[in-house]
Amino acid sequence: MSNLVESGTKEEVAHLRSKNRFYVAGWVANTSGENPQELPESCKGNAAIEKQHEDYLSGYGDSYANYESLAAQYDQFYS
């Protein structure tokens, strides 16, 4: 993810609307303070489910990176 988006803004809504529901679920899980879900052993080998889980982890990771970058900018601005 290249553009930083602040929580609750039109930019965040537009970003999430451009993604699939698995990406959004990962994004929301991170913003809610949840640990990322692991892919169950029973789902390994199922290409469709593995792709959905990959999208979930991508959303989770992008959300984490986004908020870490925003925090660094705020810290830089206010210090």
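Where is V5 found relative to helix 1? A few notes on that and on the rest of the chain follow.

1. **Ground rules.** This is a predicted model, in which local features need pLDDT of at least 70, side-chain atom pairs count only at pLDDT 80 or more, and totals for chains, interfaces and linings use all residues. Residues are numbered from 1 along each chain as its sequence is written, and side-chain values use heavy atoms, with hydrogens and water left out.

2. **Confidence.** The average pLDDT (the predictor's confidence in each residue, from 0 to 100) is 91 for the protein chain, and 96% of the residues score at least 70. Helix 2 (residues 21-31) comes out highest, with a mean of 97, and helix 3 lowest, with a mean of 90.

3. **Fold in outline.** You'll count 3 helices and 0 strands in the protein chain; helices (H or I, at least four residues) and strands (E, at least two) are DSSP runs, numbered from the N terminus. Along the sequence the pattern reads α-α-α. Taken along the principal axes, the box filled by the C-alpha atoms is roughly 50 × 25 × 20 Å.

4. **Contacts and surface.** Contact here means heavy atoms within 4.5 Å. Of the contacts with a separation of 6 or more, 64% are between residues 24 or more positions apart. The chain has 79 residues, and 25% of them are buried; buried is under 20% relative accessible area, exposed is over 50%, and partly exposed is in between (1.4 Å probe, protein chains only). About 5,700 Å² of the protein chain is exposed, with 50% of that supplied by carbon and sulfur atoms. These areas come from the Shrake-Rupley method with a 1.4 Å probe, and for residues only the protein chains shown count as cover.

5. **V5, back to the opening question.** V5 sits in the segment before helix 1 (10-17). Its relative accessible area is 6%, so V5 counts as buried. Leaving aside neighbours within four places in sequence, V5 is in contact with E11, E12, W27, N66, Y67 and L70. Take L70 from that list: 65 residues separate V5 and L70 in sequence, yet their C-alpha atoms are 8.1 Å apart in space.

6. **N30.** This one belongs to helix 2. N30 is buried because its relative accessible area is 14%. Again leaving out neighbours within four places in sequence, the contacts of N30 are Y60, S63, Y64 and Y67. Y67 is worth a look on screen, as it is in contact with N30 and also with V5.

7. **The loop between helix 2 and helix 3.** E38 is in this loop. With a relative accessible area of 71%, E38 is exposed. E38 and L57 are 19 residues apart in sequence, and 9.1 Å separates their C-alpha atoms. For Q52, which is in helix 3, the C-alpha distance to L39 is 9.8 Å, with the two positions 13 residues apart in sequence. Q52 has a relative accessible area of 29%, so Q52 is partly exposed.

8. **Charge balance.** There are 12 negative and 6 positive side chains in the protein chain, and the centres of the two sets are 10 Å apart. Lys and Arg count as positive and Asp and Glu as negative, while His and the chain ends are not counted. The charge is placed at NZ of Lys, CZ of Arg, CG of Asp or CD of Glu.

9. **Salt bridges.** How many salt bridges does the count come to? The count is 2, a salt bridge being a side-chain nitrogen of Lys or Arg within 4 Å of a carboxyl oxygen of Asp or Glu. One is K44 with E41, where the closest N and O atoms are 2.8 Å apart. E41 is exposed, at 62% relative accessibility, and K44 is partly exposed, at 45%.

10. **The helix 3 pair.** D55 and K51 form a salt bridge too, at 2.6 Å from N to O. Both lie in helix 3 (residues 47-78), 4 residues apart, which is about one turn of the helix. What are their burial states? D55 counts as buried, at 12% relative accessibility, whereas K51 is partly exposed, with a relative accessible area of 42%.
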